[in-house]
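This briefing is intended for a reader who has the sequence and the model at hand. It moves from charged contacts to strand pairing, core packing, backbone geometry and cysteines.

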Amino acid sequence: MRKHRLPNLLSARRRYFSRNKIPPTISMDETHHVLFDGTPCYEKRWRHVQSYHSTPEFVAAVVDNSGEAFHIDVSGIAIYDMRFKRTFGFYANLAAVSNGPSEAFHITLDGQPAYDQLHAWCGNFSTLPVNHLGSSAQAPVRDIDGRYFHINELGQILGGPYRYC
């Protein structure tokens, strides 16, 4: 009986999200997302989930049972094919990801790198007034020598080096 109800539940959930713009929350065991009434958004269970972030649609970072990290939509479906060791939420339509030490960078919503550089660590993007380079967001990053910089969406340095961010 549950399988027959699932398509109707998913379509009702999609209508609810699109109408109210209220994201699902993380379940108590952090393996899936639930609606405001506690019902699961999808049947799949993950090793770990993070909160949904509002991009054009709601997107959440997850880690599957094999240890691969990526992003899903409110139906629990991966939004791109790439896999990473760690993923974080989307801010200003970019997310920090990592494939290991000194392999951190930001990706776009299609899972592709936003720029060519690799960093020891990447922080989240935050929006700001458009600057002289035409960028409207910045993020902190750390190089392998422990110096911090602020970069724009194209990976260009806006400020630094700093000893901390």
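**Salt bridges and overall picture**

The count of salt bridges comes to two. They occur in a predicted model, and the salt bridges, through shared partners, join Asp-143, Asp-145 and Arg-147 into one network. The points below take up this network, an open sheet of three strands, a nonpolar core of 32 residues, and a cis peptide bond between Gly-160 and Pro-161.

**The charged network**

- Arg-147 pairs with Asp-143 in a salt bridge whose closest N and O atoms are 2.7 Å apart.
- Arg-147 also meets Asp-145 through their side chains, in a salt bridge with an N to O distance of 3.9 Å.
- The three partners fall into three accessibility classes: Asp-143 is buried, because its relative accessible area of 15% is under 20%; Arg-147 is partly exposed at 38%; and Asp-145 is exposed at 60%.
- Pro-161 is in contact with Arg-147, as well as with Tyr-148 and Phe-149, when residues up to four places away in sequence are not counted.
- Between Pro-161 and Asp-143 there are 9.4 Å from C-alpha to C-alpha, with a sequence separation of 18 residues.

**The open sheet S6-S7-S8**

- Three strands make up an open sheet, ordered S6-S7-S8, with antiparallel pairing.
- Strand S6 (86–91) and strand S8 (104–107) are the edge strands, each of them pairing on one side only.
- On average, neighbouring strands of this sheet are turned by 20° against each other, direction ignored.
- The antiparallel pairing of S6 with strand S7 (residues 94–98) runs over four bridges.
- Arg-86 has Ser-98 in S7 as its bridge partner.

**The largest nonpolar core**

- The largest nonpolar core holds 32 residues, of which Tyr-42, Trp-46, Tyr-52, Ile-72 and Ile-107 touch the most other members.
- At least two residues of this core come from each of strand S3 (48–54), strand S4 (58–63), strand S5 (69–72), S7, S8, strand S11 (137–142) and strand S12 (148–151).
- In soluble globular proteins, nonpolar side chains tend to be buried together.
- Ile-107, leaving out residues up to four places away in sequence, has contacts that include Tyr-80, Phe-84, Phe-90, Leu-94, Ala-95 and Val-97.
- The contacts of Ile-107 also include His-71, Asn-93, Gln-112, Pro-113 and Ala-114.

**Surroundings of Gln-138**

- Gln-138 is placed in strand S11.
- Gln-138 counts as partly exposed because its relative accessibility of 25% lies between the limits of 20% and 50%.
- Gln-138 and Phe-125 are 13 residues apart along the chain, and their C-alpha atoms are separated by 5.2 Å.
- With neighbours within four places in sequence set aside, Gln-138 is in contact with Asn-124, Phe-125, Ser-126 and Leu-128, and also with His-150, Ile-151 and Leu-158.

**Backbone geometry**

- Most residues other than glycine have a negative phi, and most peptide bonds are trans.
- Ala-92 has a positive phi of about 55° although it is not a glycine; Ala-92 lies in the loop between S6 and S7 and is partly exposed, with a relative accessible area of 35%.
- Ser-102, likewise not a glycine, has a positive phi of about 60°; its place is in the loop between S7 and S8, and Ser-102 is partly exposed at a relative accessible area of 31%.
- Gly-160 and Pro-161 are joined by a cis peptide bond, with omega at about 10°.
- Pro-161 belongs to strand S13 (residues 157–162).

**Cysteines**

- How many disulfides are there? The count comes to zero, a disulfide being a pair of cysteine sulfur atoms within 2.5 Å.
- Cys-41 is buried, with a relative accessible area of 0%.
- Cys-122 is also buried, with a relative accessible area of 8%.

Definitions and conventions
Residues numbered from 1 in each chain as written. Predicted model: local features only at pLDDT ≥ 70, side-chain atom pairs only at ≥ 80, totals over all residues. Heavy atoms only, no water. Buried < 20%, exposed > 50% of the residue type's maximum accessible area, 1.4 Å probe, protein only. Pairing = 2+ DSSP bridges. Axes fitted to C-alpha atoms, helices over the stretch in contact; angles between N-to-C directions. Core = buried A, V, L, I, M, F, W, Y, C linked by side-chain atoms within 4.5 Å. Contact = heavy atoms within 4.5 Å. Salt bridge = Lys/Arg side-chain N within 4 Å of Asp/Glu carboxyl O.
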